Amino acid sequence: MLLYIAMPTAQQSFLPDANNFRTVARALTVVENDLPGAAELLQNLDLSKQVPVIGITGPPGAGKSTLVNALITELCTGGKKVAVLAIDPTSPFNYGSLLGDRIRMASHFNHPDVFIRSLATRGSLGGLSAKTIEMSDVLRASGFDYVLIETVGVGQSEMEIAGLADITLLVLVPESGDEIQNIKSGIMEIADVFVVNKADREGADAYYNSLKKILHHRANILPVYKAVASQNKGITEIAEYIKLVPKRFNHRREFLQAEKAYRLIQQKRMANVDKKKLQQEIAQAMQMPGFNLYRFLSPQPPKGEAGG
């Protein structure tokens, strides 16, 4: 007698569950690399649960990773599960990336309630790969209580995080410079919470007070916190603010969904563009006399001229 064993569908095979990190890791790999079953998996995600996505951004050296590390400890209390996507920059020259999650958050890497995954920017100038959207939704549907996204810290172009996160924490340090110039820059406009980290340094109090005064003149007064993440000082207050995020949901849900849709459409339209191949083709075309990038990109050369 033959015993028939039904093979699981792609959806069943990769269904992510926060109680089984292997299923989460596998689902993320399928989505990140567009493996068979990725589209089906995404379309069948249960995104009805309101899981806050917290973006953490700021200039290089502000201590974002240290802050994330400290926040994990606070958010994991009471059996809560935390997922972290740590975005690492991709080299525009060799396309390599140092995925440093094990280095930066080593103290939590084996914690049973903490899932950490590194993700390369894959050439995205804004510091966020379009895959970040899909992977954060996989984590939301997996049953985590909080999803933290730490960005690469490349400056104003990180405004993309505003289209993904429910709230965005901007991490600054006393040496961040002229507060007036900062407040005018785009990266300051996307923040929901300001954290002056390394507040034990000289000038921290003056910087903190100046920042509060400037923000006080805005229509919506935003919270400003002082912290010394390396010593776990000021972290509890920030974590308490994050815990209240679900109660403030829906104030910009339509905006977030529209931004995510735009990024996903953009990704699909560009899916057939191989950046490495494009670089090789341009390198060859540049050897020809009179190279013109716009003629090279033109689908049809102008009348009487050869294409690039």
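Me: Which residues does D137 touch, not counting residues up to four places away in sequence?
Reply: A friendly word first: this is a predicted model, where local features need pLDDT of at least 70 and side-chain atom pairs count only at pLDDT 80 or more, while totals for chains, interfaces and linings use all residues. Residues are numbered from 1 along each chain as its sequence is written, and side-chain values use heavy atoms, with hydrogens and water left out. D137 sits in helix α6 (residues 131-142); helices (H or I, at least four residues) and strands (E, at least two) are DSSP runs numbered from the N terminus. Taking contact as heavy atoms within 4.5 Å, the partners of D137 are L45, L47 and K260.

Me: Is D137 buried or exposed?
Reply: Buried means under 20% relative accessible area, exposed over 50%, and partly exposed in between (1.4 Å probe, protein chains only). The relative accessible area of D137 is 11%, so D137 counts as buried.

Me: Which element gives the largest share of the largest nonpolar core?
Reply: A nonpolar core is a set of buried Ala, Val, Leu, Ile, Met, Phe, Trp, Tyr and Cys residues joined through side-chain atoms within 4.5 Å. The largest one here holds 31 residues, and L67, L71, L169, I238 and I242 have the most contacts inside it. At least two residues each come from several elements, including β1 (53-57), β5 (167-172) and α10 (235-243). The largest share, six residues, is supplied by α4.

Me: Which residues of α10 (235-243) does L169 touch?
Reply: Leaving out residues up to four places away in sequence, L169 has contacts that include I54, I56, L71, V193 and V195. Its list also contains I238 and I242.

Me: Which strands are the edges of the open sheet?
Reply: Strands pair if DSSP finds at least two bridges between them. The seven strands are ordered β3-β2-β4-β1-β5-β6-β7, with parallel pairing. Two of them pair on one side only, and these edge strands are β3 and β7 (224-226).

Me: How many bridges join β2 to β3?
Reply: These two strands run parallel, and V82 stands opposite V114 in β3. The number of bridges joining β2 to β3 is seven.

Me: At about what angle does α10 run to β5?
Reply: Axes are lines fitted to C-alpha atoms, for helices over the stretch in contact, and angles run from 0 to 180 degrees between N-to-C directions. Helix α10 lies across β1, β4, β5, β6 and β7. Its angle to β5 is about 165 degrees.
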